[in-house]
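User: I'd like to talk through the terms used for this model and see how each one is earned. Could you take me through them?

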Amino acid sequence: MPHSFGYRARTRDMFKRGFKEHGQIKLSTYLVPFHIGDIVDIKANAAQQKGMPHKYYHGRTGIVYNVTPHAVGVIVYKVVGNRYIEKRVNIRVEHIKHSKCRQEFLDRVKRNHGAHVKTKETGERVQLKRLPELPREGYTVSTADNAPQTMTPVPYETTI
């Protein structure tokens, strides 16, 4: 058989629906509001073939630049050779969802703001900067109650 280079070639596992997620698309998918500047994840939903992104964009994260009644325009950066090209892709809302990539950052901003307000009230200093994990403290192993043991390898045996 000749080799296929079609638009959806080699997407059998990529576009399949998850376990117990087959059938019609939930209505809540259509009720999610998208705004310009939102960060979204692209994940093609095989139940809706209209407005499906190319397989290259499956699993990518982009920024919404345009919103229409049934679709959104997403900016995705594609590596071509030694440069990044800004690609503008129009995708229906069934194939995208809000990304959680900034959630940790937003939680940290809220936590730091609360600590900053507390510092203003009480006057005590609070460490807001993240510090890298330091190496563990050094210690000396005593041989008083811990006699050294000699270990020898077990000889290889075949039991055929």
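Analyst: Happily; here are the terms, each set against its definition. The model is predicted, so local features need pLDDT of at least 70 and side-chain atom pairs count only at pLDDT 80 or more, while totals for chains, interfaces and linings use all residues. Residues are numbered from 1 along each chain as its sequence is written, and side-chain values use heavy atoms, with hydrogens and water left out.

User: Why is glutamate 94 called buried?

Analyst: Buried means under 20% relative accessible area, exposed over 50% and partly exposed in between (1.4 Å probe, protein chains only). Glutamate 94 has a relative accessible area of 5%, so it counts as buried.

User: And what makes glycine 37 partly exposed?

Analyst: Its relative accessibility is 45%, which falls between those two limits, so partly exposed is the right label. Glycine 37 sits in the segment before β1; strands such as this are DSSP runs of E, at least two residues, numbered from the N terminus.

User: How do you know which residues glycine 37 is in contact with?

Analyst: Contact means heavy atoms within 4.5 Å. Leaving aside neighbours within four places in sequence, Ile63 and Val64 meet that test for glycine 37. Glycine 37 and isoleucine 63 are 26 residues apart in sequence, with 5.7 Å from C-alpha to C-alpha.

User: What makes the link between glutamate 94 and tyrosine 30 a polar contact?

Analyst: A polar contact is a pair of N or O atoms within 3.5 Å; within protein, one must be able to donate a hydrogen and the other to accept it, and residues adjacent in sequence count only if both atoms are side-chain atoms. The side chains of glutamate 94 and tyrosine 30 make such a pair at 3.0 Å, and the side chain of glutamate 94 makes another with that of glutamine 48 at 3.2 Å. Glutamate 94 itself is in the loop between β4 and β5 (96-98).

User: Why do Phe34, Val40 and Val93 belong to a nonpolar core?

Analyst: A nonpolar core is a set of buried Ala, Val, Leu, Ile, Met, Phe, Trp, Tyr and Cys residues joined through side-chain atoms within 4.5 Å. Those three are among the 12 residues of the largest such core. Two or more residues each come from β1 (39-42), β3 (71-80) and β4 (83-92), and β3 gives the largest share, 3 residues. In soluble globular proteins, nonpolar side chains tend to be buried together.

Technical notes. Helix = DSSP H or I, 4+ residues; strand = E, 2+ residues; numbered from the N terminus.
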